[in-house]
Each structure stands twice: as structure tokens, then as C-alpha cells.
Amino acid sequence: DSKLKDTMNLVNSSTKDLSEITSYMSNVTKDPEFRSKLDGTVINLSASLEKLSKALDNVNDLSKGDKQELKGILQDSAEASKNLKKFSEKLNKRFLLFRLMF
């Protein structure tokens with residue numbers, strides 16, 4: 001899938017850019033506490049990007065039918081999320097009206 005390959009390239013590019021930024025920040029900063037926080041952030045981000053890369057590899061290995069099923073699940077989830085947001089907004093308006101009344 002070309003979109004998946006593009007995403008993988010972006011993930012790899014982001015990892016490289018992140019490494020360069022970290023190197024630059026390490027040279028710029030002299031505060032050990034800030035450097036420690038920066039290192040922790042970079043480690044967490046790197047781990048997250050690695051997990052994303054593995055997940056995308058797994059998706060890439062799926063059969064065409066499985067990919068379609070996954071796409072359907074994601075679309076259904078997006079629709080459910082939109083509906084929940086609408087419901088939440090209506091509920092918030094009603095509670096606001098109720099609070100204003102009392």
C-alpha cells in the first residue's frame with residue numbers, strides 16, 4: 001500500500017530528525033535537569049515511534065480482506081466518536097440550562 005509506505009517513510013524521517021534535534025539540544029543546553037527531561041522525552045518518543053512502526057508493519061502484512069475489515073472498523077469507530085461528541089454537546093447544553101435555572 002503506497003499510503004503505508006509513505007507513512008513508514010515519514011516515521012523513519014521523523015526518527016532521524018528527532019535524533020538530530022536531540023543532538024543539537026544536547027550541545028545547546030548545559031542544565032543537567034533539562035537535559036535529563038529531554039533525554040526521557042526523546043526515549044519515550046522513540047519508543048512510541050518504534051511501536052507505531054511495528055504496528056504499521058503488522059498492518060502491511062495483513063491480507064486484502066483483513067485490511068478492508070480493519071478499514072471498516074476504523075470508519076465505524078470514527079462515526080461512533082462523532083456521535084458521542086454530538087451526544088456530549090447536547091448533554092452539556094442541557095446541564096448548562098439546568099445549572100442556570102438553579
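This briefing covers the helices, the burial and the nonpolar core of one protein. The model is predicted. The protein has 102 residues, with 3 helices and 0 strands. Along the sequence, its pattern reads α-α-α.

**Helix H2**
- Helix H2 runs over residues 32–60, which makes 29 residues.
- The expected span of H2 is 42 Å, because each residue should add 1.5 Å.
- The C-alpha atoms at the two ends of H2 lie 41 Å apart, so the model agrees with the expected span.
- Five positions in H2 are buried: Leu38, Val42, Leu49, Ser53 and Leu56.
- In an α-helix, residues three or four places apart point the same way, because there are 3.6 residues a turn.

**The nonpolar core**
- The largest nonpolar core has 7 residues: Met8, Val11, Leu18, Leu38, Val42, Leu49 and Leu56.
- Helix H1, residues 2–28, and helix H2 each contribute at least two residues to this core.
- H2 gives the largest share of the core, with 4 residues.
- Ser53 of H2 is buried, but Ser53 is not among the residues listed for this core.

**Burial and surface**
- Buried residues make up 12% of the 102 residues in the protein.
- The accessible surface of the protein is about 8800 Å².
- Carbon and sulfur atoms account for 58% of that surface.

**Contacts along the sequence**
- Among contacts in the protein with a separation of 6 or more, 60% join residues 24 or more positions apart.

Technical notes
Residues are numbered from 1 along each chain as its sequence is written. This is a predicted model: local features need pLDDT of at least 70, side-chain atom pairs count only at pLDDT 80 or more; totals for chains, interfaces and linings use all residues. Side-chain values use heavy atoms; hydrogens and water are left out. The expected span of a helix is 1.5 Å times one less than its number of residues. Buried means under 20% relative accessible area, exposed over 50%, partly exposed in between (1.4 Å probe, protein chains only). Contact means heavy atoms within 4.5 Å. Accessible areas come from the Shrake-Rupley method with a 1.4 Å probe; for residues, only the protein chains shown count as cover. A nonpolar core is a set of buried Ala, Val, Leu, Ile, Met, Phe, Trp, Tyr and Cys residues joined through side-chain atoms within 4.5 Å.
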